[in-house]
Amino acid sequence: MKTYKIAVLKGDGIGPDVVNCAVDVLKAAAEKYHFQIEFTEGLIGGIAIDEKNMPLPEETITLCQTSDAVLLGAVGGPKWDNQSVRPEAGLLGIRKALGLFANLRPAIIYDALKQASPLKSDIIGDNLDILVVRELTGGIYFGKKEKGDDYAMDTMKYTIPEVRRIAKVGFEAAMIRDKRLTSVDKANVLESSRLWRRIVNEVAINYPEVTLNHMYVDNAAMQLVKDPHQFDVIVTTNMFGDILSDEAAMITGSIGMLPSASLAEGKMGLYEPVHGSAPDIAGKDIANPIATILSVAMMLKYSLDEQSAASAIEDAVNKVLEEGYRTSDIARKGETTVGTLEMGRLIKENL
Ligand code: IPM
Ligand code: MG
């Protein structure tokens, strides 16, 4: 029987609530599809600061490097907001340490939840399905930083290989979808964006079947709410992808539903919900575990090559939603809600 090693980094806030559910679902999937999973927990974020005085202890990096994939909850919270080292540094650190340069953030609207979208129903239409491919280990997040008495500075830098490899991920994703790719930049102002655009155009030569267009980020932010169906795959920089993926997520009605995959060259990946640590509802059994459960499905798909198990989890989630079960973040007025654990249990049962 195949055995996979999974590093489990629950992190802060609702991280443990949602990760526990997702681990349970993964165990059930393993049993059903005949593989084994070895889970090992590691510390990251605020809890790592509390226990080890640093947001990303060395042993966490080693654990991840010797695993097949990483499942992460969330990091951060007001408790650590005014400290010199922040929990977020743990997340940025693990992305860099594992070389997770490609961040896939699907924004899919579930039929059962259409009314939760803040957009009008004629704009939402049917089967909205956008994939944001965000560059994750370069750009302004990782450029040179400086701070003086009366100034502070961040640098946005991209190298040609960095742009080329993320552009390829964008085109490859488009090839197995609707073959439309929008590259988002700010090439009317930024030198790094002009490089970005040039390299994306070069890579495009290898993908003649994909329709490529370029869009400035300000316009893209507007077009996403004006006519989201014009997008299939969006490929963009670290910073612009951070912003646009939140926007795309909200269009679907609930950020509590959306998974993500952060991929390195090869099979290694880190899987986490798009939402944050929501410290105000931590430990109350009300957080929505679906984003993390769907992140496990992405893990099965991209890192473990267990396609049937991945689809089975996605189907189970759909089924539970169609049966009308809702956590409070996706419930309409008057609908009865279930807690985190119950939602996890229902999905497991359907599996
Ligand atoms: C995200 C988050 C992180 C980011 C923060 C927590 C550092 O917003 O994953 O989108 O900006 O990348
Ligand atoms: Mg973000």
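**Close-up views of ligand 1 and the largest cavity**

**View 1. Polar contact between R134 and ligand 1.** In this predicted model, a polar side-chain atom of R134 is placed 2.8 Å from an oxygen atom of ligand 1. Considered on its own, ligand 1 exposes 320 Å², of which 75% is buried by the protein.

**View 2. Further polar contacts of ligand 1, made by R95 and Y141.** The side chain of R95 brings a polar atom to 2.7 Å from an oxygen atom of ligand 1. For Y141, an N or O atom of the side chain is 2.5 Å from an oxygen atom of the ligand.

**View 3. The shell of residues around ligand 1.** The residues that surround ligand 1 are E88, R95, R105, R134, Y141 and D242. Sorted by class, this shell consists of five charged residues and one nonpolar residue, with no polar residue. The space that ligand 1 takes up is the second largest pocket of the model.

**View 4. The largest cavity and its lining.** The count of cavities of 30 Å³ or more comes to one, and the largest cavity holds about 30 Å³ of space. Its lining is made up of R105, P106, A107, S245, A248, A249, L258 and V274, which divide into six nonpolar residues, one polar residue and one charged residue. Strand 4 (102-108) supplies at least two residues of this lining, as does helix 9 (238-251). R105 belongs to the lining of the largest cavity and is also one of the residues around ligand 1.

Methods. Residues numbered from 1 in each chain as written. Chains lettered and ligands numbered in written order. Predicted model: local features only at pLDDT ≥ 70, side-chain atom pairs only at ≥ 80, totals over all residues. Heavy atoms only, no water. Near = heavy atom within 4 Å. Polar contact = N/O pair within 3.5 Å; in protein donor to acceptor, adjacent residues only side chain to side chain. Areas by Shrake-Rupley, 256 points an atom, 1.4 Å probe, with all protein chains shown as cover. 1 Å grid on protein atoms, 1.4 Å probe; cavity = no way out; pocket = protein on both sides within 12 Å on 5 of 7 lines; lining within 4 Å. Sits in = over half its atoms within 2 Å of the grid points. Nonpolar A, V, L, I, M, F, W, Y, C, P; charged D, E, K, R; others polar. Points joined across faces, edges and corners; volume = space filled by probe spheres on them. Helix = DSSP H or I, 4+ residues; strand = E, 2+ residues; numbered from the N terminus.
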